Amino acid sequence: TGTRAKHEAIVSKVVRLHAEGRPVLIGTRRIEDSETLHALLAGEGVQAALLNAKQPAAEAAVVAQAGEAGQVTVATNMAGRGTDILVPPAVEARGGLVVILSEPHSAARVDWQLYGRTGRQGQAGEVHAYASAEDALFVQYLPRLLQPLRRVLFLPPQRRLTVRVLTAWCQHRAQRRALRQRQMLNRNDRHWRDAMSFSDRQ
């Protein structure tokens, strides 16, 4: 249920897909996680492209090739965003590009942006989402009363359904908090502008 076990499960999945010649795009929230997964894959003999949004122009070119047979790409959220991934017919015949979400984001739309990198325009493709009790979304947004039960909630046999429900719930709480923060900033901005306008009239 922890981050290490999750990373090991992701690597095991990628190794199998790579052996089948399937291209895989792994999306991570943090640079540290992308580097960890890259190192673990290298330890299994899988050479992956590592993209951390540090060189946007060069990374866009790499992302464009992420759909090639046997290509494995590990990327943070921002890396290569907006770049179309080309999937050759031979790869599509094998099932297309596989997208792996290594951790749910606080905003569901970001998850869906990653999911949308595969299966475009009716093409074949797959999406696999992973989560652990140590993910930031659950640490930050699971209600305080449930925090002691975090690890238990991620155990079988109902883990898949439970995690799906918890993810949606925590993302909703995160979005509500973000909305309240934006509303507060807007109010403070209006008060500041009103104060400045009053000062200018003096």
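Is aspartate 135 buried or exposed? Aspartate 135 is buried, with a relative accessible area of just 2%. Keep that residue in mind, as it comes back below with a partner. What you're looking at is a predicted model of a chain with 202 residues, 38% of which are buried. Here's a quick tour, topic by topic.

**Overall layout**

- The chain's secondary structure adds up to 8 helices and 5 strands.
- Walk along the sequence and you'll meet them in the pattern α-β-α-β-α-β-α-β-α-β-α-α-α.
- Lined up on its principal axes, the chain's C-alpha atoms fill a box of roughly 75 × 45 × 30 Å.

**Salt bridges**

- There are 6 salt bridges in the structure, and three of them are picked out here.
- Lysine 6 pairs up with aspartate 135, and their closest N and O atoms sit 2.7 Å apart. This pair links distant parts of the chain: lysine 6 belongs to helix H1, while aspartate 135 is in the loop between E5 and helix H6 (136-141), 129 residues apart.
- Both partners in that bridge are tucked away: lysine 6 is buried at 6% relative accessible area, and aspartate 135 is buried at 2%. Each of them counts as buried because its value is under the 20% cut-off.
- Arginine 4 bridges to glutamate 8, with 3.3 Å between the closest N and O atoms. Both of these residues are in helix H1, 4 residues apart, which is about one turn of the helix.
- On the accessibility side, arginine 4 is exposed at 66%, whereas glutamate 8 is partly exposed at 41%.
- Arginine 29 and glutamate 103 meet through their side chains in another salt bridge, at 3.9 Å from N to O. Arginine 29 is in the loop between E1 and helix H2 (31-43) and glutamate 103 is in the loop between strand E4 (97-101) and H5, so the pair ties together parts that are 74 residues apart in sequence.
- Arginine 29 is partly exposed, at 27% relative accessibility, but glutamate 103 is buried, at 6%.

**A contact between strand E1 and serine 102**

- Threonine 28 is part of strand E1 (residues 24-28), and at 0% relative accessibility this threonine is buried.
- Threonine 28 and serine 102 are 74 residues apart in sequence, yet their C-alpha atoms are 5.5 Å apart in space.

**The largest pocket**

- The largest pocket has a volume of about 920 Å³.
- Its lining takes in 25 residues, and those nearest the centre are Ala129, Tyr130, Ala131, Arg160 and Val163.
- Four elements each supply at least two lining residues: helix H1 (3-19), helix H5 (108-115), strand E5 (125-129) and helix H8 (159-201).
- Helix H8 gives the most to the lining, with 7 residues.
- Sorted by class, the lining has 14 nonpolar, 6 polar and 5 charged residues.

**A nonpolar patch on the surface**

- Leu149, Val152 and Leu155 make up a nonpolar surface patch of about 260 Å².
- Leucine 155, one of those three, is in the loop between helix H7 (150-153) and H8.
- Leucine 155 is partly exposed, with a relative accessible area of 42%.

Key: Residues numbered from 1 in each chain as written. Predicted model: local features only at pLDDT ≥ 70, side-chain atom pairs only at ≥ 80, totals over all residues. Heavy atoms only, no water. 1 Å grid on protein atoms, 1.4 Å probe; cavity = no way out; pocket = protein on both sides within 12 Å on 5 of 7 lines; lining within 4 Å. Points joined across faces, edges and corners; volume = space filled by probe spheres on them. Nonpolar A, V, L, I, M, F, W, Y, C, P; charged D, E, K, R; others polar. Patch = residues over 30% accessible without salt bridge, like charges linked within 9 Å, V, L, I, M, F, W, Y side chains within 5 Å. Areas by Shrake-Rupley, 256 points an atom, 1.4 Å probe, with all protein chains shown as cover. Salt bridge = Lys/Arg side-chain N within 4 Å of Asp/Glu carboxyl O. Buried < 20%, exposed > 50% of the residue type's maximum accessible area, 1.4 Å probe, protein only.
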